[in-house]
Amino acid sequence: MRLRTDFERIKALGKRQAGRHLVCNYMIRPREPRLAGFIVPKACGNAVARNKIKRRLREIYRHWQGKFPDGLQSVWIARRTAAGSELKSFTQDFEQIVKRCGFIGE
């Protein structure tokens, strides 16, 4: 997902779940492809720190995406606390959000 309008549509029309390090805005559109977008604001640190967070987030998403329903369109937004988080804590936060959203079972 690359267009600003796609991000804004999902944030405006979709549902939202928040965790300690991440916020997920999502909607399911059955006849559409599975899409994901990632936002890491400047509050998370300098460019090096933001890119590290994005790489972590993309890798975690890539690992889980096969379990997500078709048509899932999501925007993942990192919070300021993501910059200082350990990988394990970051991954657990992602998993908790995924379960609360109902993308997969317990």
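A salt bridge is counted where a side-chain nitrogen of Lys or Arg lies within 4 Å of a carboxyl oxygen of Asp or Glu. By that criterion R34 and D70 form one, with their closest N and O atoms 2.9 Å apart. The legends below describe close-up views of a predicted model.

**Figure 1. The R34–D70 salt bridge joins two loops.** R34 lies in the loop between β2 and β3, and D70 in the loop between α2 and β4, so the pair ties together parts that are 36 residues apart in sequence. R34 is partly exposed, with a relative accessible area of 29%. D70 is exposed, at 58%. The structure holds four salt bridges, and two others are shown in Figures 3 and 4.

**Figure 2. The whole protein chain, for orientation.** Three helices and four strands make up the secondary structure of the protein chain. Their order along the sequence is α-β-β-β-α-β-α. The radius of gyration is 13 Å, close to the 13 Å that the globule rule gives for 106 residues, so the protein chain is as compact as a globular protein of that length. The C-alpha trace spans about 40 × 35 × 20 Å along its principal axes. Of the 106 residues, 41% are buried. Among contacts with a separation of 6 or more, 76% are between residues 24 or more positions apart.

**Figure 3. A salt bridge within helix α1 links R4 and E8.** The side chains of R4 and E8 meet at 2.8 Å, N to O. The two residues are four apart in helix α1 (residues 4-13), which separates them by about one helical turn. An α-helix has 3.6 residues a turn, so residues three or four places apart point the same way. R4 counts as exposed, at 64% relative accessibility, while E8 is partly exposed, with a relative accessible area of 40%.

**Figure 4. Helix α2 and its two faces.** Helix α2 covers residues 47-64, and at 1.5 Å a residue its 18 residues should span 26 Å; the end C-alpha atoms are 26 Å apart, which agrees. Its buried residues are R50, I53, R56, L57, I60, Y61 and W64. Seen down the axis of α2, these residues fall within an arc of 130°, so they line one face of the helix. The cover over them includes β2 (22-28), β3 (35-39), β4 (72-78) and α3 (87-101). The face turned away from the buried side carries the exposed residues V48, R55 and H63. Also in α2 is a salt bridge between the side chains of R62 and E59, at 2.5 Å, N to O. R62 and E59 are three residues apart, about one turn of the helix. E59 is partly exposed, with a relative accessible area of 41%.

**Figure 5. Helix α3 and its buried face.** The 15 residues of α3 should span 21 Å at 1.5 Å a residue, and the end C-alpha atoms are 21 Å apart, which agrees. Buried in α3 are F90, T91, D93, F94, I97, V98 and C101. Seen down the axis of α3, the buried residues fall within an arc of 160°, so they line one face of the helix. They pack against β1 (15-18), β2, α2 and β4. Just after α3, G102 takes a positive phi of about 85°.

**Figure 6. The surroundings of I97 in helix α3.** I97 is buried, with a relative accessible area of 0%. Neighbours within four places in sequence aside, I97 is in contact with Q17, A18, G19, L22, C24 and W76. G66 is 31 residues from I97 in sequence, and their C-alpha atoms are 16 Å apart in space.

**Figure 7. The nonpolar cores.** In soluble globular proteins, nonpolar side chains tend to be buried together. The largest nonpolar core here has 24 residues, and those with the most contacts inside it are L22, F68, W76, F94, V98 and F103. Elements giving two or more residues to this core are β2, β3, α2, β4 and α3. With neighbours within four places in sequence left aside, F103 is in contact with C24, Y26, K67, F68, P69, L72 and V98. A second, separate core has six residues, including F7, I10, V23 and I77.

Technical notes
Residues are numbered from 1 along each chain as its sequence is written. This is a predicted model: local features need pLDDT of at least 70, side-chain atom pairs count only at pLDDT 80 or more; totals for chains, interfaces and linings use all residues. Side-chain values use heavy atoms; hydrogens and water are left out. The expected span of a helix is 1.5 Å times one less than its number of residues. Buried means under 20% relative accessible area, exposed over 50%, partly exposed in between (1.4 Å probe, protein chains only). The arc is that of the directions from the helix axis to the C-beta atoms. Contact means heavy atoms within 4.5 Å. A nonpolar core is a set of buried Ala, Val, Leu, Ile, Met, Phe, Trp, Tyr and Cys residues joined through side-chain atoms within 4.5 Å. The radius of gyration is taken over C-alpha atoms; the globule rule is 2.2 Å times the number of residues to the power 0.38.
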